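Visitor: I am new to this structure. Could you show me how to read it, starting with one residue?
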Amino acid sequence: MLSINDLCVQIEDKKILDGINLDVAAGEVHAVMGPNGSGKSTLANVITGKLDNLTQGRITFNGMDLLDLDPEERAREGIFLAFQHPIEIPGVNNIYLIKAAVNALRRHRGESELDAIDFLAIVREKMKLLQINESFLYRSVNEGFSGGEKKRNEILQMMMLEPKLTVLDETDSGLDIDALKIVSRGVNSLADAGRSTVIITHFPRILEYIVPDHVHVLIGGRIVRSGGKDLAHELEKYGYTWVIEDTPAAVA
Amino acid sequence: MNQSTATDISGFVNREYKEGFVTDIESETFPPGLDEDVIIALSAKKNEPEFMRDWRLKAYARWKKMTEPVWAHVNYTPIDYQSISYYSAPKSDADRPKSLDEVDPKLLETYEKLGIPLSEQKMLAGVAVDAVFDSVSVATTFKKTLADAGVIFCSFSEAVQEHPELVQKYLGSVVPSGDNYFAALNSAVFSDGSFVYVPKGVRCPMELSTYFRINAMNTGQFERTLIVAEEGSYVSYLEGCTAPMRDENQLHAAVVELIAFKDAEIKYSTVQNWYPGDEEGRGGIYNFVTKRGACRGENAKISWTQVETGSAITWKYPSVMLEADNSIGEFYSVALTNNCQQADTGTKMVHIGQNTSSTIISKGVSAGRGQNSYRGLVRILKGAENARNYSQCDSLLMGDRCGAHTFPYIEVKNPTAKVEHEATTSRISEDQMFYCRQRGLSEEDSVSMIVNGFCKEVFKELPMEFAVEAQKLLGISLEGAVG
Ligand SMILES: Nc1ncnc2c1ncn2[C@@H]1O[C@H](COP(=O)(O)OP(=O)(O)OP(=O)(O)O)[C@@H](O)[C@H]1O
Ligand SMILES: [Mg+2]
């Protein structure tokens, strides 16, 4: 589904991503872990098109060259990013944004736009699962939402858009234990053989609920180690220095 | 769009109407130029009573002694007042497009985007025959409903003929003929406009909107509006229309006077979308408007809401004179400037009575090389015990070639007054744009959504259908403003 080859990103003089290779097949869950500033969000930004100044490399998504597509085109092809820091848009009702997003997607697929009543029925059902109060629909997008509420709102949008590839950028950070379970349930409600997920996280806990097929460790802009789900626990036990010491190439 | 297409379009589009409203005009046009004889002839042409003619002449005498204001934060080439024709009869059907096929496709595309029904599209584009037929029948239905309620709503010319006593009593009682340069000119030569009279205790049974769209067609360059709301009455009046209107007349100098008596409320909403000119600002309309309301009885309320997206130059300050105790003035405004547009707008709230209060919410959006100025005056006179004002002026900039300027003037002569002023300037952030685009919205839809969010406090004051149209309009006006 997603294939990243030898991806390099440089901002000003600094190499942020330095030769990333990653293949995510349909139905797979991949976790990306790594210390602060190692380039995880940058990777998400390149996949979604916020950054397009690659110095090198290729990204394809279901055979399409992603670098040819604008951010909105990538979104309509089914790529969704749950933001690490969701953005506030004053004066724009949450429901209005979600509806516009759903309808943009439907138009792209040649489907008719949802009418207000059908739309409301669907959004209510998802909100119930995520235990979000209906009043959130009528508040301005993310404005005055608590950290955890913002994260839930991201997952609500994801559930409404039913993406093929979801990138969760630290969606678990700032969530309490119950909220983490609820949010994971939301993510899993979409899981099927045709959809893939990339979870960027600092904590193995979310991986208990959304179980990864692969775990990658990103340090200094490189994937220095990949493994199965146990790798997350080893990381927790031994920390990133352990990976670095264990993998001399990483500190080059 | 280049200049030659702009000229083609103004050739196609003719906003004046013949049938239905003005039947007593013979086909002819005065040669350009302005002097006393022109005014006397104009008044005679309109079959006006003596008081009307004298009023015009007095205004003209004042105007001659005045000089054009230069303080507005706008630049334009000087207007040659002797090159304007001050009376021109409507064009004949032969000059109109026969069907929409003959109308500029670009204009039609915009109508399409705004979702304007076909019959109205024809009307706006000035298509002959059946469009006129449609609108006359619609207008007749409205007229009956209003007449049943006792509301007078007619063209200004008609009011001069049918209700001269009302016109004589109220005309110029809020905006005196010598008030300012453009008001004086308007008073001398105004062509037509609208007149509304709501009797005591009557709640006007409909928004005076669709009707106005039709009625607006025969008002010219110098438009005059007078609205009187008697004790305990209510009226909501919608001026203008979101569809782009083109006009061969470059200068527009309108005067609007509102009078609200005890416990009466007038809500006046405007969507102004005159032709702004091409990307270089060529051929756009100059819109110099004097709008003022007077709260003449206790608890009277006047509220102006405006969405300004058109014109090359807009110069306009809807104001409220809070003459009576406990009266309320409100001003909600969105002004958008793109390309070379210049807008200098704002309001004046003059607190005269006790416990008077006013609210000003102004949202300026500048894109391209647009220049947007807010100029607001809050004046609290000596006798205005416990007056309050709250002003909020927010500017949103898109790109780095546009400008926003805020000029708040506050004069307080009574120590019990409470005056609050807040101002912000912001830009659409890249993060907001990316967030929307990541959700699948196009760049233009993202801008339009963010800008509409910024303007929300004003849009919620507009009547429902108008608000929806205004939102779409804002999106269309901003097309090409990003990237
Ligand atoms: N626009 C930018 N200009 C300069 N430096 C940048 C820019 N964007 C990212 N960086 C730098 O790139 C590095 C990687 O940032 P990134 O946000 O990808 O880290 P991260 O792995 O997501 O960190 P965290 O775990 O703290 O979220 C950081 O050192 C950051 O300062
Ligand atoms: Mg990050």
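Guide: Gladly. Keep in mind that this is a predicted model. Our starting point is Thr201(A), which touches Val32(A), Met33(A), Gly34(A), Asp172(A), Ile206(A) and Leu207(A), leaving aside residues up to four places away in sequence.

Visitor: Where is the place of Thr201(A) in chain A?
Guide: Look in the loop between β10 (196-200) and α7 (205-209).

Visitor: Is Thr201(A) buried or exposed?
Guide: Buried means under 20% relative accessible area. Thr201(A) has 0%, so it counts as buried. Its side chain also has a polar contact of 2.5 Å with the side chain of Asp172(A).

Visitor: Now the two chains. How do I read an interface?
Guide: The size of an interface is often given as the accessible area lost when the parts come together. Here chain A and chain B bury about 2,100 Å², with 62% of it on carbon and sulfur atoms. In chain A, Lys50(A), Glu72(A) and Ile87(A) lose the most area to chain B, together 23% of what that side buries.

Visitor: How many salt bridges are there between chain A and chain B?
Guide: Three. Asp431(B) and Lys50(A) form a salt bridge through their side chains, at 2.7 Å from N to O.

Visitor: Which element gives the most to the side of chain A that touches chain B?
Guide: That is α3(A), with six residues. By kind, the residues on this side are 18 nonpolar, six polar and seven charged.

Visitor: And how many residues of each chain are in contact?
Guide: 31 residues of chain A meet 19 residues of chain B.

Note on methods
Residues numbered from 1 in each chain as written. Chains lettered and ligands numbered in written order. Predicted model: local features only at pLDDT ≥ 70, side-chain atom pairs only at ≥ 80, totals over all residues. Heavy atoms only, no water. Helix = DSSP H or I, 4+ residues; strand = E, 2+ residues; numbered from the N terminus. Buried < 20%, exposed > 50% of the residue type's maximum accessible area, 1.4 Å probe, protein only. Polar contact = N/O pair within 3.5 Å; in protein donor to acceptor, adjacent residues only side chain to side chain. Contact = heavy atoms within 4.5 Å. Buried area = accessible area lost by both parts, 1.4 Å probe. Salt bridge = Lys/Arg side-chain N within 4 Å of Asp/Glu carboxyl O. Nonpolar A, V, L, I, M, F, W, Y, C, P; charged D, E, K, R; others polar.
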